[in-house]
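Trainee: I should like a close look at a single part of this model, taken step by step. Please set out how that part is built and what surrounds it.

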Amino acid sequence: ARCMVAQGVREVTLLGQNVDAYGHDLPDRPTLAGLLHALHEIEGLWRIRFLTSHPGDITPELITAVATLPKVCPEFSLPIQAGHDALLRRMGRRYTVAEYRALVEAIRAAVPEVALSTDVIVGFPGESEEEYQATRRLLQEVRFDQVHIAAYSVRPGTAASRLPDDVPPEVKERRRRELEALQEEISAGINARYLGREVEVLVEDRHQGKWRGRNPQGKWCFFEADGDWRGKLARMEVSQAGPWSLQGRLLREMER
């Protein structure tokens, strides 16, 4: 990370299938929270992100690190996959819906400005309409910033591949479309709260004639400006908010 910062990198993302399990297979059993603290000490590094998390491995220490370390962005990628306990058991997930909800409450209590994203699968083998509706209710009640929704398809070699793929394709597609429409409405409502607010944007590139970057919560932000803003921190006042991005007026460059 120090070498990357020396070359001009200002944001790093720690990436893993289950990034919270970092250190479990190392001799001294370091933790992700400890790694975040170490990265936070690197001068010249502005932002730190991590994904993807597993609900069963998030610790109070990790939540505290996100809440107290200014460079660690306030966001969690927290796959739920389904909103019904019976379906979670068939998926082999090591948590219940109640445990997941309690984790979300703990995160939001510690990090009020947190952005939460999740993954959902519809049409998993045996998914009943009741189980699907439970997932729909979970999305309505938790109100994630972003949800990645996929229709189940067989992957050879997995435990699920031994189960009958018994949900008709048209039912999978209906459920996927319904959840996508629901989430678009939820995301639009969440992002509307940014209207009139100032946000910090780490600019990445130009897109369709505007400068584009992300705020600490990972939301795409767009603004118009002359000059080269790539790699700079910009202060932007939000004037438009949609389900997938924020647009606004450049106020000034920020110093770090």
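Mentor: What follows concerns helix α6, with a helix packed against it and, for contrast, the barrel strands. The model is a predicted one, and the description should be read in that light.

Helix α6 comprises 14 residues, 129–142. A rise of 1.5 Å a residue leads to an expected span of 20 Å, and the C-alpha atoms at its two ends are 20 Å apart, so expectation and model agree. Which residues of α6 are buried? They are E131, Y132, A134, T135, L138, L139 and V142, where buried means under 20% relative accessible area. Around the helix axis these residues cover an arc of only 155°, and they therefore lie on the same side of α6.

The cover over that side comes from several elements. Among those that cover the buried residues of α6 are the helices α4 (85–91), α5 (97–110) and α7 (169–192), together with the strands β4 (115–122) and β5 (146–151). After the helix comes R143, whose phi is positive, near 60°.

Helix α5 deserves the same treatment, since its buried residues pack against α6. Its 14 residues should span 20 Å at 1.5 Å a residue, and its end C-alpha atoms are indeed 20 Å apart. Buried in α5 are V97, Y100, L103, V104 and I107. Viewed down the axis, the buried residues of α5 fall within an arc of 120°, so they line one face of the helix. Exposed residues on the other side of α5 are A98, E105 and A109. Besides α6, the partners of the buried residues of α5 are α3 (60–68), β3 (75–77), α4 and β4. Both α4 and β4 thus appear in the surroundings of α6 and of α5.

For contrast, consider the barrel. Five strands close into it in the order β6-β7-β8-β10-β9, with mixed pairing. Neighbouring strands of this sheet are turned by 55° against each other on average, direction ignored. Strands β6 (residues 198–207) and β9 (residues 233–241) run antiparallel and are joined by five bridges; L202 has L233 as its bridge partner in β9. Strand β9 is also antiparallel to β10 (residues 245–253), with seven bridges between them, and a hairpin of three residues connects the two. Within β10, R252 stands opposite R235. The pairing of β8 (residues 220–223) with β10 is parallel and extends over four bridges, with W220 opposite S245.

Methods
Residues are numbered from 1 along each chain as its sequence is written. This is a predicted model: local features need pLDDT of at least 70, side-chain atom pairs count only at pLDDT 80 or more; totals for chains, interfaces and linings use all residues. Side-chain values use heavy atoms; hydrogens and water are left out. The expected span of a helix is 1.5 Å times one less than its number of residues. Buried means under 20% relative accessible area, exposed over 50%, partly exposed in between (1.4 Å probe, protein chains only). The arc is that of the directions from the helix axis to the C-beta atoms. Contact means heavy atoms within 4.5 Å. Two strands pair if DSSP finds at least two bridges between them. Axes are lines fitted to C-alpha atoms, for helices over the stretch in contact, and angles run from 0 to 180 degrees between N-to-C directions.
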